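Notebook, aromatic rings and one helix position. I open the model and write down what I look up, entry by entry.

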Amino acid sequence: MTSPQLPAQPSPPAPTAPLVPWGVVAGLAALALLWPLTGLTGVLGDGAPRAFAVLGITAAVWIGVVGLGRVPRPVLTLTLTGVAYGLVTAALGLLVPALGGFGPGAGGPAWAVIPVLLTDAFWGALAGLAAAGVQRLRGDAR
């Protein structure tokens, strides 16, 4: 009694990376909290020096994490990170207007959220291009 040969079963598809690494996006967007933290603690001073320091730290971390961390789709990832950064800033502005820069207590109208989101998305895309350049220089472009 011989058993019939069964056809070969196809192997399951290989797991694919998610389109966007949402954990990375959320983690990097959390850097929006640097602004109120530095304001509350007095670290980095006031005015333009504080703004340039916070923006510089944020940009360096975004480009470093995505560029050196081999994160897929760096431009898309950091563009969405910029939008999420703007959403965190807007939410903070709604909860505590004096810290976030929006609302009646901070001198900014609510409609200003839309230009802020667009601007943050633009800066995220620029950082994504820089991170893609870092990945390309390292030889692991995606």
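Which residues does threonine 81 touch, not counting residues up to four places away in sequence? I am working with a predicted model, and in it I find threonine 81 touching Val25, Leu28, Ala29 and Trp62. I place threonine 81 in helix 4, which covers residues 74-95, and I note it as buried, because its relative accessible area of 0% is under 20%.

Next I looked up the aromatic pairs, and the structure holds two of them. In one, tryptophan 62 and tyrosine 85 meet edge-to-face, with 5.6 Å centre to centre and 85° between the planes. I then checked where the two rings sit: tryptophan 62 belongs to helix 3 (residues 47-68) and tyrosine 85 to helix 4, so this pair ties together parts that are 23 residues apart in sequence. Tryptophan 62, which I had already met as a contact of threonine 81, is buried with a relative accessible area of 5%, and tyrosine 85 is buried as well, at 11%.

For phenylalanine 122 and tryptophan 123 I noted ring centres 5.3 Å apart and planes at 65°, and I call this pair edge-to-face because the angle is over 60 degrees. Are these two residues buried or exposed? Phenylalanine 122 is partly exposed, with a relative accessible area of 47%, whereas tryptophan 123 counts as exposed, because its 51% is over 50%.

My last entry concerns a charge and a ring: the charged end of arginine 50 sits over the ring of tryptophan 35, at 3.6 Å from the ring centre.

Conventions
Residues numbered from 1 in each chain as written. Predicted model: local features only at pLDDT ≥ 70, side-chain atom pairs only at ≥ 80, totals over all residues. Heavy atoms only, no water. Helix = DSSP H or I, 4+ residues; strand = E, 2+ residues; numbered from the N terminus. Buried < 20%, exposed > 50% of the residue type's maximum accessible area, 1.4 Å probe, protein only. Contact = heavy atoms within 4.5 Å. Phe/Tyr/Trp six-rings, centres within 6.5 Å; stacked < 30°, edge-to-face > 60°. Lys NZ or Arg CZ within 6 Å of the ring centre and 35° of its normal.
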